[in-house]
Amino acid sequence: RREGRLASNQPMILLVDDDDSVRETSADMLQELGYTVMQAANGPQALDMLNEHPGFDVMVTDIRMPGMSGIELSQVAADRHAALKIILISGYFLPQVINRRFLQKPFRTCDLDQAIRAEMTA
């Protein structure tokens, strides 16, 4: 197991979204499922949190954010933290090819849970 892990075997999740209400609602969903969740409002904050807390298993990030997009964030995070699993979320149609697990907003709690579980076993 990783350092910093709580007694729970549930994955530690970093949730990144610039929309406070969406991020907090998603965090509540994840906490109800038993996940340990930390939140970041943007890419640079998320990268700082990944450096400060190396125990994250999964990062769930919105794609459309000001400054650094979720796609840019996922590339930098994957380069720096090879074991980190990444799930991209967006409420917008994406014309580009996404090479990561993707969830369309709005999603149900069970959809997010299934995506995390699938990513953890991938």
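What percentage of the 122 residues of the protein counts as buried? The points below take this up first, then turn to individual elements and residues.

1. Burial and surface. The model is predicted. Of its 122 residues, 43% count as buried. The exposed surface comes to about 6,600 Å², and 49% of that area is supplied by carbon and sulfur atoms.

2. Architecture. The protein has four helices and five strands, and from the N terminus their order is β-α-β-α-β-α-β-β-α. The radius of gyration is 13 Å, close to the 14 Å given by the globule rule for 122 residues, so the protein is as compact as a globular protein of that length. Along the principal axes, the C-alpha atoms fill a box of roughly 40 × 30 × 30 Å.

3. Contacts and charges. Among contacts in the protein with a separation of 6 or more, 61% join residues 24 or more positions apart. There are 12 positive and 17 negative charges, and the mean positions of the two sets are 7 Å apart.

4. Helix α2. This helix spans residues 43-52, and its buried residues include Gly43, Ala46, Leu47, Met49 and Leu50. They cover an arc of only 160° around the axis, which puts them on the same side of α2. The spacing fits a general rule: an α-helix has 3.6 residues a turn, so residues three or four places apart point the same way. The cover over the buried residues of α2 includes β1, β2 (36-40), β3 and α3.

5. Helix α3. In α3 (residues 70-80), the buried residues are Gly70, Ile71, Leu73, Ser74 and Ala77. Their arc around the axis is only 155°, which puts them on the same side of α3. Asp79 and Arg80, on the other side of α3, are exposed. The buried residues of α3 pack against β1 (12-16), α2, β3 (58-62) and β4 (85-90). The packing of α2 and α3 thus appears from both sides, with α3 among the elements that cover α2 and α2 among those that α3 packs against.

6. Thr61. Which strand holds Thr61? Thr61 lies in β3. Thr61 is buried, with a relative accessible area of 0%. Beyond residues up to four places away in sequence, Thr61 touches Val16, Gly70, Leu73, Ile87, Leu88 and Ile89. Of these contacts, Gly70 and Leu73 are listed among the buried residues of α3.

7. Asp62. Strand β3 also holds Asp62. Is Asp62 buried or exposed? At 5% relative accessibility, Asp62 counts as buried; the cut-off for buried is under 20% relative accessible area. Leaving aside neighbours within four places in sequence, Asp62 is in contact with Val16, Asp17, Asp18, Gly70, Ile89, Ser90 and Lys105. Two acidic residues, Asp17 and Asp18, and one lysine, Lys105, are therefore included in the contacts of this buried aspartate. Asp62 and Arg23 are 39 residues apart in sequence, and their C-alpha atoms are 9.1 Å apart in space.

8. The cis peptide. Which peptide bond is cis? The bond from Lys105 to Pro106 is cis, with omega near -5°. Pro106 sits in the loop between β5 (101-104) and α4 (109-121). Lys105, on the other side of this bond, is one of the residues in contact with Asp62.

Terms used: Residues are numbered from 1 along each chain as its sequence is written. This is a predicted model: local features need pLDDT of at least 70, side-chain atom pairs count only at pLDDT 80 or more; totals for chains, interfaces and linings use all residues. Side-chain values use heavy atoms; hydrogens and water are left out. Helices (H or I, at least four residues) and strands (E, at least two) are DSSP runs, numbered from the N terminus. The radius of gyration is taken over C-alpha atoms; the globule rule is 2.2 Å times the number of residues to the power 0.38. Buried means under 20% relative accessible area, exposed over 50%, partly exposed in between (1.4 Å probe, protein chains only). Contact means heavy atoms within 4.5 Å. Accessible areas come from the Shrake-Rupley method with a 1.4 Å probe; for residues, only the protein chains shown count as cover. Lys and Arg count as positive and Asp and Glu as negative; His and the chain ends are not counted. The place of a charge is taken as NZ of Lys, CZ of Arg, CG of Asp or CD of Glu. The arc is that of the directions from the helix axis to the C-beta atoms.
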